[in-house]
Structures are given as C-alpha cells and as structure tokens.
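This report walks through selected side-chain contacts, charged pairs and helix packing. Please keep the sequence and the structure in view while reading.

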Amino acid sequence: MAFAEHEVLIGRDAMTVYQFLVDGLNNPLWRSGIRSISLRSGHAGEKGAVYQQTLAGPGGRPIAADFQITDARPGAEVRFAVVAGPARPTGGYYLSTEGPNTRLRFALEYHPKGLQKLMNSVIQKTMEDEVVQLEQLKSVIEEQTPEA
C-alpha cells in the first residue's frame, strides 16, 4: 500500500477553502501536470460528480485520471476516487477551523495490484509529490481577494 499526506494552514475560512476545493475545475490552478479537465457528469462540486481529467504521464504522454467525488461535507471534507487510468487511488481533503484560518490536510491512498506492486517506491514518490502541492493551493487561495 502507498500512502501520502500533507497539511497546510490557509489564511481563509473553511467555507472559502471548501468551495475552491470541491470544484474540480479549479485543479489546474494549483496542481501541475493537468493537461485538461472537464465535468463529465453530475453537478460540479457535489457528491457523485465525475470529472474527466487528462494528466501528463511518463515521457509527456497523456494519461486518463478521471475522478469522482465520493463525499462532500461543506466546510469539513471532500473525498474522491480515481475511476479511470492506470492507477486508481482514493483520497480526501480534510478541513478544520483554527480561528480565522483553515487547517487543510490532503491524504492519498493506493493499493497496487499485480505487477504494480513492484513499482511501489515510484508510486509512493508520485503520491508524495502530489500531496505537497497543497503549498501551491495555499498560495492561490490566499492571493484571492477575500469576499466581504
């Protein structure tokens, strides 16, 4: 099994952070490697929504990484599962209020099967690189003008 998590403190309230996160169309603003993303089915930011996503894979080749929101609790958490592509991790964003700020934890988990088990160290490193991108998310959200 591969597991990675990272946590940041964002200078915005939990609902602001949640509303940004729950809309998968915001992912290219803070995650590197996304070539394209669109809402394939469901309602943006709601449980059951499926986002069609293409990532830059090894050698720059495009790979599918569609995901579905599996749980969405306003101001508290967003969980998802990758439903297309060579790797299908599950993950979540977990929010907690600390005064006027929001502590945000991003966790990913993946259970490789078959020959993928031989690549566990590569998978682990990729997941660690993914969750640490929360630092970029923090910058993007904090640079936005807070709503009055």
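## Asp71 and its surroundings

Leaving aside neighbours within four places in sequence, which residues is Asp71 in contact with? In this predicted model, Asp71 is in contact with Lys47, Glu77, Val78 and Arg79 once those sequence neighbours are set aside. Asp71 lies in strand S5, the strand that covers residues 67-73 and that also holds Arg73.

Asp71 has a relative accessibility of 15%, and because buried means under 20%, Asp71 counts as buried. One of the residues in contact with Asp71, Arg79, also forms a salt bridge with Asp71, in which the closest N and O atoms are 2.9 Å apart.

## The network of salt bridges around S5

The pair of Asp71 and Arg79 belongs to a network of salt bridges that links Asp71, Arg73, Glu77 and Arg79. Within this network the accessibility varies from residue to residue: Asp71 is buried at 15%, whereas Arg79 counts as partly exposed at 34%, and Arg73 is partly exposed with a relative accessible area of 45%.

Arg73 can also be placed relative to Tyr94, a residue 21 places away from Arg73 in sequence, with a C-alpha to C-alpha distance of 9.6 Å in space.

## Charged pairs between S1 and S8

The structure holds 10 salt bridges. Among them is the one that Arg105 forms with Glu5, where the closest N and O atoms are 2.7 Å apart. This pair links distant parts of the chain, with Arg105 in strand S8 (residues 101-110) and Glu5 in strand S1, 100 residues apart. Both partners are partly exposed, Arg105 with a relative accessible area of 27% and Glu5 at 43% relative accessibility.

Arg103 forms a salt bridge with Glu7, with the closest N and O atoms 3.2 Å apart. Here too the pair links distant parts of the chain, from Arg103 in strand S8 to Glu7 in strand S1, which are 96 residues apart. Arg103 counts as partly exposed at 25% relative accessibility, and Glu7 is partly exposed with a relative accessible area of 40%.

## Val8, a buried residue of S1

Strand S1 also contains Val8, which is buried with a relative accessible area of 4%. Not counting residues up to four places away in sequence, Val8 touches Thr102, Arg103, Leu104, Leu134, Glu135 and Lys138. Arg103 therefore appears in this account twice, as a contact of Val8 and as the salt-bridge partner of Glu7, and it counts as partly exposed at 25% relative accessibility.

Val8 can also be related to Leu137, a residue of helix H3: the two are 129 residues apart in sequence and 9.2 Å apart in space, C-alpha to C-alpha.

## Arg12, a buried charge without a salt bridge

Which residue carries the nearest side chain of opposite charge to Arg12, and how far away is it? Arg12 is buried yet has no salt bridge, and the nearest side chain of opposite charge, that of Glu142, is 6.0 Å away. Because a salt bridge needs a side-chain nitrogen within 4 Å of a carboxyl oxygen, that separation of 6.0 Å does not qualify. The side chain of Arg12 does, however, reach the backbone oxygen of Glu142 at 2.8 Å.

Arg12 lies in the loop between strand S1 (2-10) and helix H1 (14-22). Not counting residues up to four places away in sequence, Arg12 touches Val17, Pro100, Asn101, Thr102, Ile141, Glu142, Gln144 and Pro146.

## H1 and its packing against H3

Asp13 caps the N-terminal end of H1, with a side-chain oxygen 3.1 Å from the backbone nitrogen of Met15. The buried residues of H1 are Ala14, Val17, Tyr18, Phe20, Leu21 and Val22. An α-helix has 3.6 residues a turn, so residues three or four places apart point the same way.

The axes of H1 and helix H3 (residues 134-143) come within 11 Å and cross at roughly 115°, and H1 passes H3 in a right-handed crossing. Val17, Phe20 and Leu21 in H1 meet Leu137, Val140 and Ile141 in H3. Val17 and Ile141, which take part in this meeting of the helices, are also among the residues that Arg12 touches.

Methods
Residues are numbered from 1 along each chain as its sequence is written. This is a predicted model: local features need pLDDT of at least 70, side-chain atom pairs count only at pLDDT 80 or more; totals for chains, interfaces and linings use all residues. Side-chain values use heavy atoms; hydrogens and water are left out. Helices (H or I, at least four residues) and strands (E, at least two) are DSSP runs, numbered from the N terminus. Buried means under 20% relative accessible area, exposed over 50%, partly exposed in between (1.4 Å probe, protein chains only). Lys and Arg count as positive and Asp and Glu as negative; His and the chain ends are not counted. A polar contact is a pair of N or O atoms within 3.5 Å; within protein, one must be able to donate a hydrogen and the other to accept it, and residues adjacent in sequence count only if both atoms are side-chain atoms. Contact means heavy atoms within 4.5 Å. Axes are lines fitted to C-alpha atoms, for helices over the stretch in contact, and angles run from 0 to 180 degrees between N-to-C directions. A crossing is left-handed if the near helix is turned anticlockwise from the far one by less than a right angle, and right-handed if clockwise.
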